[in-house]
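Trainee: Please take one part of this model and look at it closely. I should then like to see how the description of that part fits with the rest of the chain.

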Amino acid sequence: MSLGKILGVRAVSVVVTVLLCIGAEVLLKQLIRDDYYLRLFFLAGVYVTLSVSLNLINGITGQFSIGHAAFYMVGAYAAGLSSNALFAKQPLDMPAYLVVSTVIGAAAAAVAGLIVGLPSLRLKGDYLAVVTLGFGEILRITMQNQEQWGGSYGYNLDNKYRSIALVFMLAILCIAVCRNLLKSVHGLPFLAVREDEVAAQAMGINLTKTKVVAFVVGAAFAGAAGALFAHETQFINPDLFKMDVSFLILTMVVLGGTGSITGSTIAAVCLFMIPEMGRIAKFQVSQAMLVSLLVVGIGAMVYAVRYVQNRVHLEKGPQAMAFAGAVFVPLTLATVVGKILERFTILGDKVYESADIRLMILAVVLLVVMLIRPTGLLGHHEFSWDGVRRLFKGRASHQEAA
């Protein structure tokens, strides 16, 4: 394919993506009138960007950074400060200026990534994790003591603007950049560094340069997400970017599968949505049923699934049925045991609201996935249209043979 044709295809792809994102925002606003649900879609896009950008550092390049919330915060503050200082002095409307502000946030975070990356990326493993964690906490405490920027009370933005289309575009851009790195020769140094640093250096790859590039690109996307977040909330505070935010983003990467962009995307949406669904669902669970599901159901289900994985070797269809049985039967058994315990009030009659146990549900999901699938949901696998075509082609061939 010629260069002109490649550029033409890329240009058409960009235009179609922009139109789809704008169309998605218009459709969501027409279908969903509740501001809370629209905010969930917005934050889901933010977390996808944060998760995939951290995966570029941790999963694709093989570093161990756990201070990603610091770059998120740098982008939010840079965008907030520049918005209050510059917005009234320039001719752009807010949607256009939001793009400019996002670029400012991304640039500030990239500089922060470069500052922390150059001296510390000669380290690796646990040592790099400690340095990035320390950098994040130092930065957060520094912001808490900047009284001109609100200090620990926080900083108010003059302009509030939520653009679901723009946050979707940012997430897609982040995914596209990381995927193209994996699929092109430009990404081979990143993968080589991840697999074996000594061998990569022996082949002439500049380790520090490769790590710093990954760090700067990942930080820039986190900063851009922070800029959009700041304008959506109209208020930023150092406590919004504490250590637990970094751990949540890292958990998304690990749960999805380090090195899998598709896995990070799915895990980001699921981990963000599970607690919110617990808040929305409004159901009650008795103490007896809760204990039974946790002890009997989860324990038996994990054992049954691992048994099927290791000892049952069948065709795809029967294997899927075996996995479904390994999940359904233990949970049914746990429900029956729970009802018996409720009937005789052995564990008392205390009842929990769904909002009270939503974080427990999240922890159980993480526990189960890690026990059943230690490499994450997708491991190093990626979604591709070729894979979908092969799947349907395989089924068609199987039906013809039958």
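**Helix H13 and its setting**

Mentor: From its first C-alpha to its last, helix H13 reaches 41 Å with 28 residues, close to the 40 Å expected at 1.5 Å a residue. Helices here are DSSP runs of H or I with at least four residues, strands are runs of E with at least two, and both are numbered from the N terminus; the expected span is 1.5 Å times one less than the number of residues. This is a predicted model, in which local features need pLDDT of at least 70 and side-chain atom pairs count only at pLDDT 80 or more, while totals for chains, interfaces and linings use all residues. Residues are numbered from 1 along each chain as its sequence is written, and side-chain values use heavy atoms, with hydrogens and water left out.

H13 covers residues 316-343. Its buried residues are Gln319, Ala326, Pro330, Ala334, Gly338 and Leu341, where buried means under 20% relative accessible area, exposed over 50%, and partly exposed in between (1.4 Å probe, protein chains only). Helix H12 (287-311) is part of what covers them. Leu333 also belongs to H13, but it counts as partly exposed because its relative accessibility is 48%. Its C-alpha lies 9.1 Å from that of Ser292, although 41 residues separate the two in sequence. Just after the helix, Thr345 has a positive phi of about 45°.

Helix H3 (68-86) offers a useful comparison. Its 19 residues reach 27 Å, close to the 27 Å expected. Of those 19 residues, 15 are buried, so H3 is largely enclosed by the rest of the structure. Tyr77 is found in this helix and counts as buried because its relative accessibility is 3%. Leaving aside residues up to four places away in sequence, Tyr77 touches Met143, Trp149, Tyr155, Ile236, Asn237, Pro238 and Phe241; contact means heavy atoms within 4.5 Å. Tyr77 and Ala230 are 153 residues apart in sequence, yet their C-alpha atoms are 7.5 Å apart.

H3 is also among the packing partners of helix H10, whose buried residues pack against H2 (35-60), H3, H11 (261-281) and H14 (358-372). These buried residues of H10 include Val245, Ile249, Met252 and Leu255. H10 (residues 243-256) has 14 residues that should span 20 Å, and its end C-alpha atoms are 20 Å apart, which agrees. Gly257 follows H10 with a positive phi near 115°. A positive phi, near 65°, also appears at Gln234, a residue other than glycine. Gln234 lies in the loop between helix H9 (207-233) and strand S2 (235-236).

These parts belong to a chain with 15 helices and 4 strands. Its radius of gyration is 24 Å, close to the 21 Å that the globule rule gives for 402 residues, so the chain is as compact as a globular protein of that length. The radius is taken over C-alpha atoms, and the rule is 2.2 Å times the number of residues to the power 0.38. Buried residues make up 43% of the 402 residues. Of the contacts with a separation of 6 or more, 82% join residues 24 or more positions apart.
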